[in-house]
Amino acid sequence: MLDDFKDWLSRTLNREGHLSLPHLPPPELLAEQPLDTTRLVVVDLETTGLNPAKDQVIAIGGVAIAGGAIPLGDQFDLILRRPELDISETVLIHGIGKEALTQGHETEDALIHLLEWLQGAPLMAYHAAFDKRFLERALKQTLGYTRAHAWLDVAELLPALFPELRGRHKSLDDWSEQFGLFASARHHAAADAMVTAELALVAFNKARKDGITTLGELQDKVRTYRRLNALSRH
């Protein structure tokens, strides 16, 4: 009972009418965070479409990386309760139908649970800009949460560290096949997050061999790749 009361106190409304969540730690910066010991979280979202201005998140999958490994007990997999949404154009892709959306978790509870699970950890995704835009919009609209989390894009990290392969590999499936990895179910948020996390570990191992020891150095590597890639297009 006391724990429930403390939990209620930590989720009171602020002046704007959104939930106040003071118990959440601030998002961690990449900077000098050690590559070997920092906890990172790979996320993958399923949505009703590709436009973050009008489409909605319907499922969230997450896989943590800690100590250079994937702890099997540190994962996240929730379908949101959104029975009012039209999923007719995407149900054949993600397989989440009306029944699943009716029985899912309340969006507010699911997003609070996600933030509590993240604990401010840096985030990773494949084509991270997509997941970042959708997740930030959902958090702002539902909770009024606007803290900026650090992101790394595995779709940029891999070609930055394996430049000899970048011309032949574009998709998550391409890179997975290259390294002999297979998703248990494609376009399932948790399964896609898992294979992305496995690819991230491949990238981290290569980064260590290249003398990269911090997430900040890894981010610099991606920025250099991004600049060189932009120059090659001109």
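From the N terminus on, the elements of this protein follow the order α-β-β-β-α-α-α-β-α-β-α-α-α-α. The model is a predicted one. The exercises below work through its sheet, its helices and some single residues.

**Exercise 1. Overall content**

Task: State how many helices and strands the protein has, and what share of its residues is buried.

Solution:
- Step 1. The secondary structure comes to 9 helices and 5 strands.
- Step 2. Of the 234 residues, 46% are buried.
- Step 3. Among contacts with a separation of 6 or more, 68% are between residues 24 or more positions apart.

**Exercise 2. The sheet**

Task: Give the order of the strands in the sheet and find which strands stand at the edges.

Solution:
- Step 1. The 5 strands form an open sheet, and their order is S3-S2-S1-S4-S5. The pairing in this sheet is mixed.
- Step 2. Strand S3 (75-79) and strand S5 (151-153) each have a single partner strand, so one side of each lacks a neighbour in the sheet. These two strands are the edges.
- Step 3. On average, neighbouring strands are turned by 25 degrees against each other, direction ignored.

**Exercise 3. Strand S1 and its partners**

Task: Determine in which sense S1 pairs with S4 and with S2, and which residues stand opposite Val42.

Solution:
- Step 1. In general, the strands of a sheet pair through backbone hydrogen bonds, in either a parallel or an antiparallel way.
- Step 2. Strand S1 (residues 40-47) pairs with strand S4 (residues 123-125) in the parallel sense, over 2 bridges.
- Step 3. With S2, strand S1 pairs in the antiparallel sense over 8 bridges.
- Step 4. Val42 stands opposite Met124 in S4, and its bridge partner in S2 is Val63.

Task: Decide whether S1 is enclosed or open to its surroundings.

Solution:
- Step 1. One side of S1 carries Leu40, Val42, Asp44 and Glu46, and the other side carries Val41, Val43, Leu45 and Thr47. All of these are buried, and both faces are covered.
- Step 2. Because 8 of the 8 residues of S1 are buried, the strand is largely enclosed by the rest of the structure.

**Exercise 4. Helix H6 against helix H9**

Task: Describe how H6 and H9 pack, and classify their contact by residue type.

Solution:
- Step 1. Helix H6 (residues 154-161) lies across S4 and S5, at about 55 degrees to S5.
- Step 2. H6 packs with helix H9 (residues 215-232) at an angle of about 80 degrees, and the two axes are 9 Å apart.
- Step 3. Angles of 65 to 115 degrees count as roughly perpendicular, so H6 is roughly perpendicular to H9.
- Step 4. H6 contributes Glu156, Leu157, Pro159, Ala160 and Leu161 to the contact, and H9 contributes Leu218, Lys221, Val222, Tyr225 and Arg226.
- Step 5. By class, the contact of H6 with H9 comes to 7 nonpolar, no polar and 3 charged residues.

**Exercise 5. Length and burial of H9**

Task: Check the span of H9 against the expected value, then list its buried residues and what covers them.

Solution:
- Step 1. At 1.5 Å a residue, the 18 residues of H9 should span 26 Å. The end C-alpha atoms of H9 are 26 Å apart, which agrees.
- Step 2. Leu215, Gly216, Leu218, Val222 and Tyr225 are the buried residues of H9.
- Step 3. The cover over these buried residues includes S1, S5, H6 and helix H8 (189-209).

**Exercise 6. Positive phi outside glycine**

Task: Locate Gln119 and His127, and state whether they are buried, partly exposed or exposed.

Solution:
- Step 1. Gln119 is in the loop between H4 and S4, and its phi is near 55 degrees, a positive value in a residue other than glycine.
- Step 2. The relative accessible area of Gln119 is 42%, so Gln119 is partly exposed.
- Step 3. His127 is in the loop between S4 and helix H5 (128-143). His127 has a positive phi of about 60 degrees, although it is not a glycine.
- Step 4. With 45% relative accessibility, His127 also counts as partly exposed.

**Exercise 7. Thr107 and Arg82**

Task: State where Thr107 and Arg82 lie and which residues they touch, not counting residues up to four places away in sequence.

Solution:
- Step 1. Thr107 lies in helix H4, while Arg82 is in the loop between S3 and helix H2 (91-94).
- Step 2. Buried means under 20% relative accessible area. Thr107, at 13%, counts as buried, and so does Arg82, at 14%.
- Step 3. Thr107 touches Leu80, Arg81, Arg82 and Thr142.
- Step 4. Arg82 touches Gln56, Val57, Leu101 and Thr107.

Notes:
Residues are numbered from 1 along each chain as its sequence is written. This is a predicted model: local features need pLDDT of at least 70, side-chain atom pairs count only at pLDDT 80 or more; totals for chains, interfaces and linings use all residues. Side-chain values use heavy atoms; hydrogens and water are left out. Two strands pair if DSSP finds at least two bridges between them. Axes are lines fitted to C-alpha atoms, for helices over the stretch in contact, and angles run from 0 to 180 degrees between N-to-C directions. Contact means heavy atoms within 4.5 Å. Angles under 35 degrees count as roughly parallel, over 145 as roughly antiparallel, 65 to 115 as roughly perpendicular and the rest as oblique. Ala, Val, Leu, Ile, Met, Phe, Trp, Tyr, Cys and Pro count as nonpolar, Asp, Glu, Lys and Arg as charged, and the others, Gly among them, as polar. The expected span of a helix is 1.5 Å times one less than its number of residues. Buried means under 20% relative accessible area, exposed over 50%, partly exposed in between (1.4 Å probe, protein chains only).
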